[in-house]
Amino acid sequence: RCCSGKATHFLSWVWSYKLSLPLKALQHWAKKNPWERHHVNIWWCFFSNNQFRILQEHEARSTKELAVAFGNNVKTIGKAWMLMDRLQQSTYTSRIWCI
């Protein structure tokens with residue numbers, strides 16, 4: 001249990017990103033913030049709300065259902081990190097739910 005606990009930050013990303021992007025970003029953050037990394041627990045929807053599977057299985061989910069799935073967790077956590085692939089014309093900011 002040394003690496004788990006109540007979530008302190010929500011990691012918001014785009015499913016079309018390669019997995020290496022968030023992993024590299026998290027490694028970079030941990031290296032730059034060694035004093036803080038042991039006090040941060042990230043809730044990453046990748047592990048609990050698999051949007052890719054929902055799309056592949058053609059499961060119909062309303063905006064309201066997705067808002068409940070994400071919204072309750074984000075409200076409880078209170079802090080969010082936005083992962084962008086680039087600063088100019090980021091894929092992240094082209095997603096309507098992100099803005």
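Begin by selecting His-9, which belongs to strand β1, a run covering residues 9–12. The model on display is a predicted one. Is His-9 buried or exposed? With a relative accessible area of 9%, His-9 falls below the 20% limit and is therefore buried. Now show its surroundings. Leaving aside residues up to four places away in sequence, His-9 touches Val-40, Asn-41, Ile-42, Trp-43, Ile-77, Lys-79 and Trp-81.

**The sheet**

Next, display the strands as a cartoon. Three strands form an open sheet in the order β2-β1-β3, and their pairing is parallel. Strands β2 and β3 occupy the edges; each has a single partner strand, so one side of each lacks a neighbour in the sheet. Viewed together, neighbouring strands are turned against each other by 30° on average, when direction is ignored.

Zoom in on the pair β1 and β2, which is joined in the parallel sense over three bridges. Select Leu-11 here: which residue of β2 stands opposite Leu-11? That residue is Trp-44. Then add helix α1, residues 20–32, which packs on the sheet and touches β1, β2 and β3. The direction of α1 makes about 175° with that of β2.

**The nonpolar core**

Hide the cartoon and show side chains. The largest nonpolar core contains 13 residues. Those with the most contacts inside this core are Phe-10, Trp-13, Tyr-17, Trp-43, Cys-45, Phe-70 and Leu-83. Which elements give two or more residues to the core? They are β1, β2 (42–44) and α3 (63–77). As background, nonpolar side chains in soluble globular proteins tend to be buried together.

**Helix α3**

Select α3 by itself. This helix has 15 residues and reaches 21 Å from its first C-alpha to its last, close to the 21 Å expected at 1.5 Å a residue. Where does α3 bend? The bend, of about 30°, is at Phe-70, a residue also listed among those with the most contacts inside the largest nonpolar core. Moving past the end of the helix, select Gly-78, which follows α3 and has a positive phi, near 85°.

**The segment after β3**

Continue to strand β3 (80–82) and then to the segment after it, where Ser-90 lies. The relative accessibility of Ser-90 is 3%, so this residue counts as buried. Its contacts, not counting residues up to four places away in sequence, are Tyr-17, Met-84 and Asp-85. Of these, Tyr-17 has already appeared on the tour as a residue of the largest nonpolar core.

Now select Gln-89, found in the segment after β3. Is Gln-89 buried or exposed? At 72% relative accessibility, Gln-89 lies over the 50% limit and so counts as exposed. Its backbone also merits inspection: phi is positive, at about 50°, although Gln-89 is not a glycine. For comparison, most residues other than glycine have a negative phi.

**The whole chain**

Finally, restore the full view. The protein has three helices and three strands, and from the N terminus on its elements run β-α-β-α-α-β. Of its 99 residues, 24% are buried; His-9 and Ser-90 are examples from this tour. To close, display contacts between residues at least 6 apart in sequence: 75% of them join residues at least 24 apart.

Conventions: Residues are numbered from 1 along each chain as its sequence is written. This is a predicted model: local features need pLDDT of at least 70, side-chain atom pairs count only at pLDDT 80 or more; totals for chains, interfaces and linings use all residues. Side-chain values use heavy atoms; hydrogens and water are left out. Helices (H or I, at least four residues) and strands (E, at least two) are DSSP runs, numbered from the N terminus. Buried means under 20% relative accessible area, exposed over 50%, partly exposed in between (1.4 Å probe, protein chains only). Contact means heavy atoms within 4.5 Å. A nonpolar core is a set of buried Ala, Val, Leu, Ile, Met, Phe, Trp, Tyr and Cys residues joined through side-chain atoms within 4.5 Å. The expected span of a helix is 1.5 Å times one less than its number of residues. The bend at a residue is the angle between axes fitted to the seven residues ending there and the seven starting there. Two strands pair if DSSP finds at least two bridges between them. Axes are lines fitted to C-alpha atoms, for helices over the stretch in contact, and angles run from 0 to 180 degrees between N-to-C directions.
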